[in-house]
Amino acid sequence: MNRISLFGRVLCTCLSELKPTRICSRLLVALTVVVFCCAASAQETTGRVHAVIINGGMNKLMNHERYWNDCAFLYRTLRKDLHFPKQDITLLMSDGGEPGRDMLLADGSGFATSPADLDGDGERDVWLPATLEQVETSLSELAARLTSDDRLFLFMIDHGDFDSSVQQSYAWMWGGERLYPTHLAQLLDAFHVESMSLCLGLCHSGGFIDELCRENRVIATSCMENEESWACTDRPYDEFVFHWISAVAGHDPESHPVCADADDDGRISMFEAFDYARQHDRREETPQYCSTPPALGAVWFLPKVPGNGICEKENESGTLPIRKCYDLQGREIPMPPVMEGKYIKNLNTKQSFGLSPIIIIKP
C-alpha cells in the first residue's frame, strides 16, 4: 500500500468544510501536518534513509571553494546534528580527495587541495570522485542494496548549463563530462525505495524536474530551467543551498540559530526547508519545488534519531482523491486526475513564486 496516500480520507474529512479564501501558506502547511499527526492508526516506519552528496566541480578552474563548503556543511549536519552513520552517506566529490590541487579558493588567490575530512574529526571522509562513471557505479550499487523500506536523499551542488541541441539542462561532472536529467532519471528509477527527496543547487536545475518527477518524490531546485543559480554575496556558500541546509540543521555554519519549523512540531520537513530557503534567497533566482503527491513534502523529513528512516504518519485509507485544490493564497486551481511533472512546472510559473500548491481537498 502507498504509505503517502494513506492520509487521504482523514485529510478530506478534516478539511471538507474549510473555506479557502485568504488562507495563509503556513496555516495550510500546519493543517496538513496536523492531520497526519492525528491519524487514528499512525505509526512510524522502520526503514533507513541513505544520503548521497555529489559535487561534480567540472575541473579545478571551475571547482569553487564554496561547493566544498556547501557539502561539508551538509555532511556535518547529517553526522553531528542528525546522527547519520557514516555508512549511510555516499560522498562523490571532485577528484575523490586525492592530494592534487583541485579547488579554486574563494578569494581567487589560487588553488588548493580539497580537504578529504569534511567534519573535522581527523578521519578521511571523501574517497570517491564525482566522475560520471563513478556516479553511475555508486548509484547502481546503492540501488541494488536499498530496499522498499528505505528512503533516498540526494544532494547535488555543481555547475549546470543548458544544452539547446537536446533542450535539456545538465550538470558538469569531474573531468568535464555531463550528467543529463534523462540519465539521472534512469539511475534513480532503478531504486525501489519507499520515497526519495532531491535538492539540486546548480544553474538551470529547474530543468531536471520534468524528467525526475515521479510518484513518492520531493524535488527542490535553486532556480528555474532558464535561470542561473548564484553564490552568496557575503560568505563562501551557494545562496539557496546555504539557507536550505541551515533550515534542516537549525543553525547556520557559524552556529547562529535558524528556525524553519513553521508548524512547531519539532521537525523540519522538506517543504519547510524549501519554503525557508525560498523566502530567504536574496539572489536573482527562482527556486522550484515539486512534491508527488503534493502532501509528501510536508511529512518527509530527516530525523534526529540515529539510524531511523524518515517518519510518516499513516491511517487506513486508499488513494488520495483529488477533487479541487487551492493554492497558498486560497485560490482554486484546476487539477487534472493525474498530476504530471510538466503540469506542475507550468502551474508553478503562473504563480507569484515558484511553488507547487498545498492542496485542500473538497469531496
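**Figure 1. The largest nonpolar core of the predicted model**. In this predicted model, the largest nonpolar core is made up of 51 residues. Those with the most contacts inside this core are Ile53, Leu78, Phe153, Phe155, Trp244 and Leu302. Two or more residues each are contributed by the strands β1 (49-55), β2 (89-93), β5 and β10 and by the helices α3, α7 and α8. A second core, separate from the largest one, has 32 residues, among them Ala130, Leu154, Leu200 and Leu202.

**Figure 2. Surroundings of isoleucine 53**. Isoleucine 53 is one of the residues with the most contacts inside the largest nonpolar core. With neighbours within four places in sequence left aside, isoleucine 53 contacts Cys71, Leu74, Tyr75 and Leu78. Its contacts also include Ile89, Thr90, Leu91 and Leu92, together with Phe155.

**Figure 3. Helix α7 and the elements that cover it**. Helix α7 spans residues 239-249 and is mostly covered, with 11 of its 11 residues buried. The buried residues run from Glu239, Phe240, Val241 and Phe242 through His243, Trp244, Ile245 and Ser246 to Ala247, Val248 and Ala249. Trp244 is also among the residues with the most contacts inside the largest nonpolar core. The cover over the buried residues of α7 includes the helices α3 (65-81) and α8 (270-280) and the strands β5 (151-157), β9 (195-201) and β10 (217-221). Just after α7, glycine 250 adopts a positive phi of about 85 degrees.

**Figure 4. The packing of helix α4 with helix α5**. The axes of α4 (residues 132-145) and α5 (residues 181-189) come within 9 Å, crossing at roughly 25 degrees. Because this angle is under 35 degrees, α4 counts as roughly parallel to α5. The crossing of α4 past α5 is right-handed. On the α4 side, the contact is made by Leu132, Glu136, Leu139 and Ser140; on the α5 side, by His183, Leu184 and Leu187. By residue type, this contact of α4 with α5 comprises 4 nonpolar, 2 polar and 1 charged.

**Figure 5. Histidine 204 in the loop between β9 and α6**. Histidine 204 lies in the loop that joins β9 and α6 (209-212). Its relative accessibility is 13%, and histidine 204 therefore counts as buried, the limit being under 20%. Residues up to four places away in sequence are not counted among the contacts described here. Histidine 204 touches Gly160, Asp161, Phe162 and Ser169. Histidine 204 also touches Cys223, Met224, Glu225, Asn226, Glu227 and Glu228.

Methods:
Residues numbered from 1 in each chain as written. Predicted model: local features only at pLDDT ≥ 70, side-chain atom pairs only at ≥ 80, totals over all residues. Heavy atoms only, no water. Buried < 20%, exposed > 50% of the residue type's maximum accessible area, 1.4 Å probe, protein only. Helix = DSSP H or I, 4+ residues; strand = E, 2+ residues; numbered from the N terminus. Contact = heavy atoms within 4.5 Å. Core = buried A, V, L, I, M, F, W, Y, C linked by side-chain atoms within 4.5 Å. Axes fitted to C-alpha atoms, helices over the stretch in contact; angles between N-to-C directions. Parallel < 35°, antiparallel > 145°, perpendicular 65-115°, else oblique. Left-handed = near helix turned anticlockwise from the far one by under 90°. Nonpolar A, V, L, I, M, F, W, Y, C, P; charged D, E, K, R; others polar.
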